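Visitor: I've got a model open and would like a quick tour. Can you take my questions as we go?

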Amino acid sequence: MTTDVFLTRTAAFLPFSPVGNEDIEEVLGRIGGKASRARRLILRSNGIESRHYAIDRSTGLQAMTNAQLTASAVRALGDPEDIGRVDCLVTGTSLPDQLLPNHAVMVHGELGWPRLEVVACAGICLAGTTALKHAWLSVRAGDAQRAVATGSELVSPVMRGSRFEAELEHQLEALEKRPEIAFEKDFLRWMLSDGAGAVLLERVPRGPLSLRIEWIDLSSAAHELPVCMYSGADRNAEGGLDGWARTQPQDWHRDSTFAIKQDVRLLNENIVRATLGEPLAAIVERRGLKAADIDWFLPHLSSNYFAEPVARCLEAMDFAIPRERWFSNLARKGNTGAASPYIMLDELFRSGRIKPGHKLLMFVPESGRFSSGFIYMEAV
């Protein structure tokens with residue numbers, strides 16, 4: 001027997017003060033002492049005006065860990081005496097602080113909560129949504145009375161200019177005519193930022209607002225599409241990936257193996273079809289979902305560049321959602337990957353704009369190998 005599950009609280013944590021577009025290179029550092037040729041073009045396209053980094057600007061050093069970011073978001077849900085005992089903690093992130101142990105146990109250690117189930121979900125943007133689904137299912141099945149799900153990202157340490165110095169030096173030694181960091185690496189330095197979010201799930205609603213989670217659908221297109229976004233690996237001659245363990249340690253710095261990379265051409269050609277059009281069409285057929293039923297559409301947009309293609313795709317499916325029903329805080333909070341859906345939902349949840357009876361559809365695409373998630377909720 002299953003039970004209803006209610007999302008009763010939301011929280012977000014964004015480190016330090018916002019960083020404007022003209023200050024990014026000051027915080028992240030230049031590569032080889034030179035300004036990026038791509039920065040202004042990418043920022044014009046992505047529409048991000050400010051974002052947050054877990055970098056202390058007075059020292060230039062990383063000021064907190066991913067586990068600390070995540071724990072800060074969880075604490076913002078409320079005191080344990082207030083929210084009650086949590087039975088299950090599920091985390092999602094792209095880049096945990098270490099390979100082993102998993103991110104969830106590190107967050108549990110930061111929180112210092114009594115013994116409970118902890119689960120870590122891997123992935124990129126979808127990792128936080130996967131965490132939410134596990135937490136939802138735990139409460140729905142009756143295994144947990146309360147569960148907390150999180151999404152977090154700490155990407156700034158791998159985007160610092162100093163991380164690319166060895167690669168740049170190698171290119172200079174090779175006497176390349178125009179030595180510069182490949183666009184697939186430089187591109188993401190102006191797209192990604194740090195942050196964390198958390199939600200509390202319970203069997204009963206809390207006032208003044210709760211969201212009943214109706215369903216969460218996840219899917220992958222990896223059966224037909226190659227890797228698009230990756231880290232800790234390099235492309236080989238066959239077009240596949242050679243993971244870091246298959247390469248020599250001296251090559252990790254030379255090739256910026258641990259930098260986050262993305263095939264922009266592959267992204268543009270497939271992201272809307274593979275993560276929105278096809279999976280949403282299947283959901284519409286299976287669940288009878290109608291655009292008219294949706295009061296709030298919350299798309300995780302990595303860049304404002306994709307807003308128009310998403311709108312065109314919905315129109316082509318006869319599923320157009322008026323723009324006044326869309327909600328995004330990409331411009332002010334930045335693209336925080338797995339944390340973005342949580343940070344976006346937290347702002348709308350606290351805004352007073354959601355009314356009882358409103359239905360919300362969240363859309364979370366991931367370009368790692370083209371996965372996507374859809375979350376459907378009703379306000380009570």
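Visitor: Which exposed residues does the face of H2 turned away from its buried side carry?

Guide: First, a word on the model: it is predicted, with local features needing pLDDT of at least 70 and side-chain atom pairs 80 or more, while totals for chains, interfaces and linings use all residues. Residues are numbered from 1 along each chain as its sequence is written, and side-chain values use heavy atoms, leaving out hydrogens and water. Helix H2 spans residues 39-46, and its buried residues (under 20% relative accessible area, 1.4 Å probe, protein chains only; exposed is over 50%, partly exposed in between) are Arg39, Ile42, Leu43 and Asn46. Turned away from that buried side, the opposite face carries the exposed Leu41 and Arg44.

Visitor: Within what arc do the buried residues of H2 fall?

Guide: An α-helix has 3.6 residues a turn, so residues three or four places apart point the same way. The arc is taken from the directions from the helix axis to the C-beta atoms. Seen down the axis, the buried residues of H2 line one face because they fall within an arc of 95 degrees.

Visitor: Is Gly128 buried or exposed?

Guide: Gly128 sits in helix H6, residues 127-140. Leaving aside residues up to four places away in sequence, Gly128 touches Gly92, Thr150, Gly151, Ala338 and Tyr342 (contact means heavy atoms within 4.5 Å). Its relative accessibility is 0%, so Gly128 counts as buried.

Visitor: And what separates the C-alpha atoms of Gly128 and Ser152?

Guide: Along the chain, Gly128 and Ser152 are 24 residues apart. Between their C-alpha atoms, the separation is 7.3 Å.

Note on methods. Helix = DSSP H or I, 4+ residues; strand = E, 2+ residues; numbered from the N terminus.
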